[in-house]
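Reader: I'm new to this structure and would love a close look at one part of it. Could you pick a spot in a loop, walk me through its surroundings, and then show me how the rest of the chain is built?

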Amino acid sequence: DSAFIKTCTGRTVLIDGGGSTNPDIASNVGENTVIPFLLDKGVMRLDAVVASHPHSDHIQGLMAVLGRIKTGMLIIPSMDDESEFNQLLEIASVKKVPVFRCFAGQTIWLDSKTKLEVLNPEAGCSCENGSVNNASLVLRLVFGETEVLFTGDAEKEAEVRMIKELQNLSSDVIKIAHHGSSTSSDEAFIKKVNPKAAVISVGRNNFGHPSAETIALLEDCGIEYFRTDECGGILLKSDGRTIKFRKTIR
């Protein structure tokens, strides 16, 4: 699970970096996939790297990125226990990359026309009685009149909180949470976001992702969706008024 943002002024942000679902199995996705992609795009420096939450399938690839690509800052969710981030934080310390801990209500300005609104988690989020997934940074990218919602692996409990506490979730595009798992994408949340299109970041897996329930919901709501296991990487380009999509596999 990984997303790359480049603004019209050249600011660059990487959200997550993929990896193995088993933290005990090393993944080379950073060296083999993420870094070659960045270099192919001419990216020699990242203004920000975002780790949505500390699960290995989201952060393993970021280890290599922080180690090899000059990075302006590392952004992680505000959590009361950061132990699962230790390896990433150690690399950031060695590379002297400042770390920012973000929570709902904050805004990250990428340039004068582009911002990331932080919608989740709450400050000092505790996962003691819940899922680490619900500590995921949920970020709403706003550029002009267009919005894209990045959901990490936030599950239905976090979605319910966002519906109750946030007035504006509306987005043109949503990155479906948790690879399309049935534990996320509550119908009320999807209808509140009211996207025109959805992207499901998913590969070959043993978990049944994306779930038939999630696919049926998107189809029932008339939302066009793109699966990375079928379409490859999905490229979005916006002029601030409309968003165009391009598949890398046709």
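Author: Happy to! A word on terms to begin with: helices and strands here are DSSP runs, of at least four residues for a helix and at least two for a strand, numbered from the N terminus. Please keep in mind that this is a predicted model.

Our spot is Glu145, which sits in the loop joining β10 (138-143) and β11 (146-150). Is Glu145 buried or exposed? Exposed counts as over 50% relative accessible area. Glu145 has 58%, so it is exposed.

Now look at what surrounds this residue. Leaving aside residues up to four places away in sequence, Glu145 touches Asp172, Gly240 and Arg241. Arg241 deserves a second glance: it is 96 residues from Glu145 along the chain, yet their C-alpha atoms are separated by 5.2 Å. Contacts across long stretches of sequence turn up elsewhere too: among contacts between residues at least 6 apart, 62% join residues at least 24 apart.

Stepping back, the chain has 7 helices and 16 strands. Its C-alpha atoms fill a box of roughly 50 × 40 × 40 Å along the principal axes. A compact globule of 250 residues would have a radius of gyration near 18 Å, and the chain, with 17 Å, agrees with that.

From the exposed loop, let's turn to the interior. Of the 250 residues, 52% count as buried. In soluble globular proteins, nonpolar side chains tend to be buried together. Here, the largest nonpolar core has 27 residues, and Leu46, Val49, Val65, Leu74, Phe85 and Leu88 are those with the most contacts inside it. Two or more residues of this core come from each of α1 (29-40), α2 (56-68), β6 (74-77) and α3 (86-94), with α2 giving the most, 6 residues. Phe85 touches Ala51, His53, Pro54, Ile59, Ile76, Pro77 and Met79, again not counting residues up to four places away in sequence. There is also a second, separate core of 24 residues, which includes Ala3, Ala48, Val173 and Ile234.

One last stop is the empty space inside. The count comes to 1 cavity of 30 Å³ or more, and about 70 Å³ of space lies in the largest cavity. Among the residues lining the largest cavity are Asp1, Ser2, Ala3, Phe150 and Lys175. The lining divides into 4 nonpolar, 3 polar and 3 charged residues. Ala3 thus links two parts of the picture, as a member of the second core and as a lining residue of the largest cavity.

Conventions: Residues are numbered from 1 along each chain as its sequence is written. This is a predicted model: local features need pLDDT of at least 70, side-chain atom pairs count only at pLDDT 80 or more; totals for chains, interfaces and linings use all residues. Side-chain values use heavy atoms; hydrogens and water are left out. A nonpolar core is a set of buried Ala, Val, Leu, Ile, Met, Phe, Trp, Tyr and Cys residues joined through side-chain atoms within 4.5 Å. Buried means under 20% relative accessible area, exposed over 50%, partly exposed in between (1.4 Å probe, protein chains only). Contact means heavy atoms within 4.5 Å. On a 1 Å grid over the protein atoms alone, a cavity is a set of points where a 1.4 Å probe fits but cannot get out, and a pocket is an open set with protein on both sides within 12 Å along at least five of seven lines; lining residues have an atom within 4 Å of a point. Grid points are joined across faces, edges and corners, and a volume is the space filled by probe spheres set on the points. Ala, Val, Leu, Ile, Met, Phe, Trp, Tyr, Cys and Pro count as nonpolar, Asp, Glu, Lys and Arg as charged, and the others, Gly among them, as polar. The radius of gyration is taken over C-alpha atoms; the globule rule is 2.2 Å times the number of residues to the power 0.38.
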